[in-house]
Amino acid sequence: MTGLKTSSNLPATDGMKVFTNSKQVLDAQRLVVDLALSSGRHDCLACEQNGNCELQDAAYYLGITKPSFNLYDDDYQIDDTSEFIVVDRSKCISCGRCIVGCNHTVVNEVLNYGNRGFETKIVFDTDLPMGSSTCVQCGECVQLCPVGCIIDKRAIGAGRTWELDKVETVCPYCGVGCRLEVHVDRTQDKIIRITGVEDSPTNNGMLCVKGRYGFDFVQSEERITSPLIKEDGKFRKASWEEAIALVASKFTSFKKEYGSDSIVGLASAKVTNEENFAFQKLIRKEVGTNNVDHCARL
Ligand code: SF4
Ligand code: SF4
Ligand code: SF4
C-alpha cells in the first residue's frame, strides 16, 4: 500500500504487516497533533478536561511540549446559551465524534460541520447558538468529545476528574433502566456529573436529559426524608413504623367493608424490578386483588 493508512478504519487482513511506530508514522502523528494544538486555545491548566483529554495524552506520548505554529484565531466565542452544556470551539479538533453521536447514535440530528477549510467548525442546526437550536441537551456529544470543547456546565471548576469517585448505578427515572456512572466529590459528598456506561446493553453510554442532568433532587434541601402523616389538614413527620401501621389498618378496614377489589396498587417506574415484583406480590397475595399496574413511563 502506498502512503500511510489510518488504523481506525483499515481492516486487518491475513499476511498484512503493520508498523505503528516507525519514524514515518511518528513524524506524521507529531505533525497532526502539533497542528491540532496550534490551531486552538489549549490552556490545559484552566481546561476542564485536563487529565482526561485525548489530545493532551497524544501530545505527551509524542513528546510535544509546546505548539510549533501560531494558527489560533482569537475570534472564537464560547457558547453557553444552553441549560447544561458549554461549547468552546477553540478546543475542537474536528474529529467528528459529536456529529456522528448526535446524528447516528441518539439520532437527534442537531450537530454538523459548517463552513469549509480552515473555517470549518461544528454547528447546531443552521449555525444557531446551542440554546436556540433543536438540541435536547441529552449530553451525548459531551460524553463523546475527546477534548475540552463540549463540556458539562455545572461541572466547571467543581472538581478534577481524578479527584472524583465513580459509582455505577441504574438511572432512577424511568423503566428503561440505563446504566450510569455518578462522579462524586467525597469531600463534599456531592454529585458533580453523570455519564452513561458505554458497554451497557441497555443504553450503550447514551442517556436522556433527565438521567444525565436531573440530579439536583439528590441534594435538595426540600427532599422528603421521613414519612408524613396528615392531621387537621397539615403534615407532620412520623416514624416508618407509625406510617406503615396506619396504612395497613386503613387497607384492612377498606378490604373488610368494600372487598379486596376496592383497592388498586400502582407501582413506580423509579424503583427496581425486584421492588416491583415484591409490590405485585403484596397486592395480589396480601390485599387479594389483581388490580395492580405500573407506570412504565414518566
Ligand atoms: S482540550 Fe485538552 S489539550 Fe486542549 S486545553 Fe483542554 S486539556 Fe489541554
Ligand atoms: S446534547 Fe444531544 S441533541 Fe444536543 S447537540 Fe449534543 S448530542 Fe445533539
Ligand atoms: S467531538 Fe469534540 S473535538 Fe470532536 S468534533 Fe466534536 S466538539 Fe470537536
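**Group meeting: a walk through the model**

Leu 10 sits in the segment before helix H1. I start there because, with a relative accessible area of 33%, Leu 10 is partly exposed. Leu 10 and Leu 128 are 118 residues apart in sequence, and their C-alpha atoms are 36 Å apart in space. Please keep in mind throughout that this is a predicted model.

Staying in that segment, Lys 5 also lies before helix H1, which covers 23-38. Lys 5 is partly exposed, at a relative accessible area of 46%. From the C-alpha of Lys 5 to that of Val 18 is 10.0 Å, and the two are 13 residues apart along the chain.

Next, the ligands. Ligand 1 is surrounded by residues that include His 42, Asp 43, Cys 44, Cys 47 and Cys 53. Further along the chain, Lys 91, Val 147 and Gly 148 are also among the residues around ligand 1. Sorted by class, this shell has five nonpolar, five polar and two charged residues.

Ligand 2 has around it, among others, Ile 85, Cys 102, Asn 108, Leu 111 and Phe 124. The stretch Cys 135, Val 136, Gln 137, Cys 138, Gly 139, Glu 140 and Cys 141 belongs to the surroundings of ligand 2 as well. By class, the shell around ligand 2 divides into eight nonpolar, three polar and one charged.

Around ligand 3 there are 13 residues, and those that come nearest are Cys 92, Cys 95, Gly 96, Cys 98 and Cys 145. The shell of ligand 3 has ten nonpolar, two polar and one charged residues.

Now the strands. Strands of a sheet pair through backbone hydrogen bonds, in either a parallel or an antiparallel way. One open sheet here has three strands in the order E1-E2-E5, and the pairing is antiparallel. Which strands stand at its edges? They are E1 (78-79) and E5 (150-152); each has a single partner strand, so one side of each is left without a neighbour in the sheet. Strand E1 pairs with strand E2, residues 85-88, over two bridges. As an example, Ile 78 has Asp 88 in E2 as its bridge partner.

Two of the residues around ligand 2 face each other across a hairpin: Leu 111 and Phe 124 are in its shell, and Leu 111 stands opposite Phe 124 in E4. Strand E3 (residues 111-114) and strand E4 (residues 121-124) pair in the antiparallel sense over four bridges. Six residues lie between E3 and E4 in this hairpin, and in the turn Asn 115 has a positive phi of about 65 degrees.

That brings me to backbone angles. Most residues other than glycine have a negative phi. Asp 125 has a positive phi, near 50 degrees, although it is not glycine. Asp 125 is found in the loop between E4 and helix H4 (140-144). Is Asp 125 buried or partly exposed? At 26% relative accessibility, Asp 125 counts as partly exposed.

Gln 137 lies in the loop between E4 and H4 too. Its phi is also positive, near 55 degrees. At 8% relative accessibility, Gln 137 counts as buried, because the cut-off for buried is under 20%. Gln 137 is also one of the residues around ligand 2.

On to the rest of the chain. The domain assignment gives domain 1 as 158-223 and domain 2 as 239-294. The centres of the two domains, taken over C-alpha atoms, are separated by 31 Å.

A second open sheet is formed by three strands in the order E6-E7-E8, with antiparallel pairing. Strands E6 (165-170) and E8 (190-196) stand at the edges with a single partner strand each, so one side of each has no neighbour in the sheet. From one strand to the next, the twist averages 30 degrees. Strand E7 (residues 179-185) is joined to E8 by six bridges. Within that pair, Glu 181 stands opposite Thr 195 in E8.

Last, a helix. How many residues does helix H6 have? Helix H6, residues 240-258, has 19 residues. From its first C-alpha to its last, H6 reaches 27 Å, close to the 27 Å expected at 1.5 Å a residue. Just after H6 comes Gly 259, with a positive phi of about 90 degrees.

Notes
Residues numbered from 1 in each chain as written. Chains lettered and ligands numbered in written order. Predicted model: local features only at pLDDT ≥ 70, side-chain atom pairs only at ≥ 80, totals over all residues. Heavy atoms only, no water. Domains from an automatic or database assignment. Near = heavy atom within 4 Å. Nonpolar A, V, L, I, M, F, W, Y, C, P; charged D, E, K, R; others polar. Pairing = 2+ DSSP bridges. Axes fitted to C-alpha atoms, helices over the stretch in contact; angles between N-to-C directions. Expected span 1.5 Å × (residues − 1). Buried < 20%, exposed > 50% of the residue type's maximum accessible area, 1.4 Å probe, protein only.
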